[in-house]
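Please walk through the structure shown here, taking the salt bridges before the protein–DNA surfaces.

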Number of protein chains: 2
Amino acid sequence: MLNQYSAVDKVLLAVDCIIFGFDKDGLKILLIKRDFEPEKGKWSLIGGFLRKEEDLNSAAIRILNTYTGLHDIYMEQLHSYSEIDRDPVERTISVSYYALINIENHNAELIKNYHAQWFSVSEAPNLIFDHNQMLRFAISRLRYRTSIKPIGFELLPEKFTMRQLLELYEAILSKELDKRNFISKINSLDILIKLDEKDMQSSRKGSYLYKFDKDKYEDKLLNNFVLNL
Amino acid sequence: MLNQYSAVDKVLLAVDCIIFGFDKDGLKILLIKRDFEPEKGKWSLIGGFLRKEEDLNSAAIRILNTYTGLHDIYMEQLHSYSEIDRDPVERTISVSYYALINIENHNAELIKNYHAQWFSVSEAPNLIFDHNQMLRFAISRLRYRTSIKPIGFELLPEKFTMRQLLELYEAILSKELDKRNFISKINSLDILIKLDEKDMQSSRKGSYLYKFDKDKYEDKLLNNFVLNL
DNA sequence: AATCAATTGCGTAAAAAATACACTTTAAAA
DNA sequence: TTTTAAAGTGTATTTTTTACGCAATTGATT
């Protein structure tokens with residue numbers, strides 16, 4: 001029974017994940033040393049293939065879970081890459097996703113087994129195929145996202161100082177921000193709860209710890225805003 | 001020779017195009033009456049399947065050309081849709097693209113042959129599969145694009161009045177704009193050339209015609225700006 | 001006990017951008 | 001000549017963004 005569907009060339013569909021984390025040294029990404037050909041031994045984004053029984057979002061979530069042990073992580077689709085020879089072995093289209101995770105929360109054992117490693121975004125090694133391009137695109141999307149959605153819950157420890165939050169934003173935007181203006185803009189979002197507790201690591205005076213107001217944070221996630229930092 | 005690539009489920013990859021046009025009645029999209037099963041006879045975005053010898057951008061351009069006769073049209077990839085049963089016949093992942101075209105320039109013959117038709121965006125019929133969702137997403141992306149890139153070249157005739165440009169923006173954003181503020185904001189972009197010629201259709205007084213300064217327009221395309229209308 | 005050092009915490013003034021708003025001009029039609 | 005319908009034009013007000021500096025705190029040092 002002929003139909004429009006018959007003459008078509010099927011393809012492999014891959015998912016590649018740009019996994020962002022943040023620690024005292026700044027914004028990082030999780031990369032993996034590829035353990036199969038081609039390009040075995042080179043650095044690559046964390047990826048896998050789409051399976052019959054899942055959609056792309058599920059595949060991205062499965063792949064993230066495989067390499068980090070994490071679940072319930074929000075991921076967002078970015079772009080599809082389809083150059084004919086992007087993968088020399090077989091025609092493969094790849095859909096990129098990004099995730100934001102707290103570096104402390106993932107399974108360190110797991111990533112070691114997979115020869116995965118965190119790299120500063122600014123010092124990332126050269127990546128296989130078109131993964132450099134994927135990474136650049138992800139960074140620019142992350143910057144954009146920062147201007148319309150709250151960010152931080154995913155990347156910071158539960159309790160954090162204003163300075164940590166400021167440095168997170170500075171790392172993402174890669175520019176310096178004025179401390180006072182930053183604080184008043186963040187406060188105007190009304191998503192932080194100031195705790196009665198101080199972090200004494202960073203200074204003699206100590207600085208107040210904050211946490212996100214989960215409900216308000218999630219409300220804000222639903223409605224875009226403009227945050228001009 | 002076993003490798004990581006062997007166990008994988010290949011899929012069909014489709015491209016669906018949201019084709020925007022603009023005329024005196026506002027913002028429109030080009031839809032097609034589907035002439036094969038499933039959902040034969042229902043309205044659908046214009047689509048096709050990715051072929052071996054092309055990448056997704058080329059496929060989108062080919063599909064647009066097939067139905068409109070147009071070429072050299074800028075298209076932008078939007079999103080990939082991968083719900084398992086989105087197409088009931090076979091597992092198909094679809095990548096959406098959008099294009100902006102001048103309604104007057106396309107091949108009317110061609111679209112008639114294909115049972116394609118222009119619809120006001122606000123009066124679009126119900127579409128097959130997840131095409132309604134694709135359309136909504138495309139509209140929101142078009143609005144966003146409007147705020148960071150110049151728009152109009154693609155949608156307006158070569159010479160146009162300020163009112164036409166204003167109405168284009170109003171149609172895209174679906175809100176009223178203040179004429180005077182609009183004009184001064186558009187002028188501040190410095191992409192228009194005021195001609196010594198008037199359009200006498202719209203009023204007794206006649207209104208000046210403008211055209212885009214192609215070079216400046218394209219410079220602006222390369223660099224984002226913020227246009228708050 | 002006094003001083004030092006490092007970082008936190010806080011507010012205001014100036015500049016820039018966005019918004020609101022109304023009347024005159026023009027030329028064809030009556 | 002009067003009428004009519006749309007074009008064309010500028011300013012004051014409000015809001016937002018930016019720039020900027022100093023006092024408070026406290027552990028460490030002398």
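**Salt bridges and DNA surfaces**

A:Arg145 and A:Glu76 form a salt bridge through their side chains, with an N to O distance of 3.4 Å. A:Arg145 belongs to helix α3 (residues 131-148) of chain A and A:Glu76 to strand β5 (residues 75-81) of chain A, so the pair ties together parts that are 69 residues apart in sequence. Both A:Arg145 and A:Glu76 are buried. The model is a predicted one, and a search over all its chains finds 28 salt bridges. Side chains of opposite charge can pair when their charged atoms come close.

A second salt bridge joins A:Glu167 to A:Arg163, and here the closest N and O atoms are 3.6 Å apart. A:Glu167 and A:Arg163 are both in helix α4 (residues 162-173) of chain A; because they are 4 residues apart there, about one helical turn separates them. A:Glu167 counts as partly exposed because its relative accessibility is 34%. A:Arg163 likewise counts as partly exposed, at 48% relative accessibility.

The side chains of A:Lys216 and A:Asp190 also meet in a salt bridge, at 3.4 Å from N to O. This pair links distant parts of the chain, 26 residues apart: A:Lys216 is in helix α6 (residues 214-222) of chain A, and A:Asp190 is in the loop between α5 and β9 (192-199) of chain A. With a relative accessible area of 35%, A:Lys216 is partly exposed. A:Asp190 is partly exposed too, with a relative accessible area of 41%. Elsewhere in chain A, a network of salt bridges links A:Asp23, A:Lys24, A:Asp25 and A:Lys28.

The DNA strands come next. Which residues come nearest to DNA strand C? Of the 17 residues around this strand, they are A:Arg163, A:Arg180, A:Lys205, A:Tyr208 and B:Arg180. Of the atoms of DNA strand C that come within 4 Å of the protein, 45% belong to sugar and phosphate. By class, the residues of this surface are 1 nonpolar, 6 polar and 10 charged.

Individual contacts with DNA strand C involve both bases and backbone. An N or O atom in the side chain of A:Lys205 is 2.4 Å from a base oxygen of the strand. B:Asn181 places a polar side-chain atom 3.1 Å from a base nitrogen of DNA strand C, while a polar backbone atom of B:Arg204 is 3.4 Å from a sugar or linking oxygen of DNA strand C. Two or more residues of the surface near DNA strand C come from each of α5 (179-189) and β10 (207-212) of chain A and α5 (179-189) of chain B. With 3 residues, α5(B) gives the most.

DNA strand D is surrounded by 18 residues, of which the closest are A:Arg180, A:Asn181, A:Arg204, B:Arg163 and B:Tyr208. Sugar and phosphate make up 45% of the atoms of DNA strand D that come within 4 Å of the protein. The surface near DNA strand D has 1 nonpolar, 6 polar and 11 charged residues.

Contacts from chain B reach several parts of DNA strand D. B:Arg204 has a polar side-chain atom 3.2 Å from a base oxygen of the strand, and an N or O atom in the side chain of B:Lys205 is 3.2 Å from a base nitrogen. A polar backbone atom of B:Tyr208 lies 3.0 Å from a phosphate oxygen of DNA strand D. The elements that each supply at least two residues of this surface are α5 of chain A and, from chain B, α5 and β10 (207-212). Here α5(A) gives the most, with 3 residues.

Conventions: Residues numbered from 1 in each chain as written. Chains lettered and ligands numbered in written order. Predicted model: local features only at pLDDT ≥ 70, side-chain atom pairs only at ≥ 80, totals over all residues. Heavy atoms only, no water. Near = heavy atom within 4 Å. Polar contact = N/O pair within 3.5 Å; in protein donor to acceptor, adjacent residues only side chain to side chain. Nonpolar A, V, L, I, M, F, W, Y, C, P; charged D, E, K, R; others polar. Salt bridge = Lys/Arg side-chain N within 4 Å of Asp/Glu carboxyl O. Buried < 20%, exposed > 50% of the residue type's maximum accessible area, 1.4 Å probe, protein only.
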